Amino acid sequence: MGLAILLGVFGAGVIIGAPVAFAMGIAAAAAFWYEGFPTLITFQRATAGVSVFSLLAIPFFVFAGEIMLHGGIASRLVKLASAIVGHLRGGLAMVNIFSSMLFGGISGSAVADISALGSLLIPVMKERGYRPDFAVNVTVTSSIAGIVIPPSHNMIIFAVAAGGRISVSGLFLAGVLPGILMCVCLAVAAYIISVKHNYPAEPFPGWGVVGRTAADAIPGFMTAVIIVGGTLSGVFTVTESGAFGAIYAVLLTAFYYRSLTLNSFLIALASAVRTTAMVMILIAFASSFAYLLALYQVPTKLSMLLVSISDNPIMILLMINVILLVLGMIMDMAALILICTPIFLPIAKGLGMDPTQFGIMMLINLGLGLCTPPVGTCLFVGCAVGRIKLEAAMRTIWPFYLAILAALLLVTYVPGISLWLPSLLN
């Protein structure tokens with residue numbers, strides 16, 4: 001009965017449109033009350049959930065990404081991508097995907113990717129003869145590279161949800177090849193569509209231009225190198241790397257590029273504070289919620305249910321992916337990481353899957369949920385930036401869904417894609 005109350009109150013809160021964090025908090029309080037515990041325990045568990053030192057890295061990561069977003073780095077990365085891949089068929093689509101791969105590795109945010117690159121590239125693509133729905137779909141689906149390619153604050157959330165026993169630096173390395181693989185799959189889909197619709201290729205500007213644009217963009221890209229490299233080398237902790245990355249981003253955009261104004265700095269600061277507050281509230285109340293799921297033995301019961309359906313590891317992993325895909329369509333990504341990790345990670349480990357591989361699989365899976373209705377944040381932002389209706393985007397986005405699903409299945413069933421680079425650390 002307690003589990004029914006927990007899930008029922010939470011489901012009712014989501015249905016009526018309450019913020020997911022508050023729905024989890026109220027559901028946890030109701031379940032604690034039913035079990036006879038003081039409701040104060042809800043807040044004690046919530047406080048314990050955010051009293052984790054590594055979580056201090058999240059505001060630094062977010063702030064560094066916002067500074068890079070508002071400090072003119074995006075336009076420089078677009079120029080670099082255009083110089084390198086713009087001459088291919090459907091060149092601007094390739095530029096969009098390649099820019100997302102580069103910028104995602106700096107911002108760590110899919111929504112920031114769409115806001116920055118979408119506002120630059122979608123209007124240009126429409127002017128060059130690309131269909132508006134194609135331009136939006138390329139931008140939306142490639143934006144989730146920022147979730148997988150390090151540094152990503154979602155990786156820190158996963159590490160915390162997994163009990164703090166997973167190396168964040170290992171997750172950083174594990175996300176590189178899957179992120180590139182996903183972008184390659186999207187590029188193949190974009191190329192096929194571009195050939196079908198005879199979209200143009202941009203003229204190759206010459207290697208001199210490539211060199212100059214690379215020289216201009218590399219200092220900005222060094223933000224990601226400082227954060228990831230500092231963590232991997234052991235010189236900094238994850239939190240210290242985030243702090244140094246944020247300081248470097250401010251100094252670079254303010255004094256080297258001279259593109260960061262006081263107004264844009266304040267906008268970046270306010271956006272970082274807002275995002276950090278949302279994430280921390282989610283983590284806090286999700287900790288209370290996850291505590292009750294463990295108390296009611298939900299992971300064990302779900303594991304027994306899946307095994308009763310099939311004892312084939314391939315089928316069980318496929319079922320986990322399907323469940324995550326469905327949940328990703330209706331719930332926020334950070335909340336799902338916090339709720340589903342304690343449930344599905346033990347099952348995956350029982351099947352012999354490495355926790356790091358499972359984390360990357362989950363990030364790609366839930367990233368796809370950001371591009372799907374009814375709660376597809378990236379899809380809604382992309383349609384707003386591209387000024388098209390959601391229905392128009394949904395009619396033609398399926399080839400990009402298939403591309404991401406192909407990458408997801410490869411990461412799920414080929415461990416070396418996500419584990420090869422981390423193995424070099426051992």
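This passage describes the salt bridges of a predicted model and one of the helices that takes part in them.

Two salt bridges are found in the structure. One of them pairs Asp 216 with Arg 76, and the closest N and O atoms of this pair lie 3.2 Å apart. The contact joins distant parts of the chain, since Asp 216 belongs to helix H12 (residues 207–233) and Arg 76 to helix H5 (residues 73–85), a separation of 140 residues. The two partners fall into separate accessibility classes. Asp 216 has a relative accessibility of 30% and therefore counts as partly exposed, whereas Arg 76, at 17%, counts as buried, because the cut-off for a buried residue is under 20% relative accessible area.

Helix H5, which carries Arg 76, offers a handy check on its geometry. With 13 residues and 1.5 Å a residue, H5 should span 18 Å, and its end C-alpha atoms are indeed 18 Å apart, so the expected and computed values agree. Arg 76 has company among the buried residues of this helix, which also include Ile 73, Ala 74, Leu 77, Val 78, Leu 80, Ala 81, Ala 83 and Val 85.

Turning to the other pair, Asp 133 forms a salt bridge with Arg 131, with 3.0 Å between the closest N and O atoms. Here the acidic partner is the buried one: Asp 133 has a relative accessibility of 8%. Arg 131, with a relative accessible area of 38%, is partly exposed, because that value lies between the 20% and 50% cut-offs.

Notes:
Residues are numbered from 1 along each chain as its sequence is written. This is a predicted model: local features need pLDDT of at least 70, side-chain atom pairs count only at pLDDT 80 or more; totals for chains, interfaces and linings use all residues. Side-chain values use heavy atoms; hydrogens and water are left out. A salt bridge is a side-chain nitrogen of Lys or Arg within 4 Å of a carboxyl oxygen of Asp or Glu. Helices (H or I, at least four residues) and strands (E, at least two) are DSSP runs, numbered from the N terminus. Buried means under 20% relative accessible area, exposed over 50%, partly exposed in between (1.4 Å probe, protein chains only). The expected span of a helix is 1.5 Å times one less than its number of residues.
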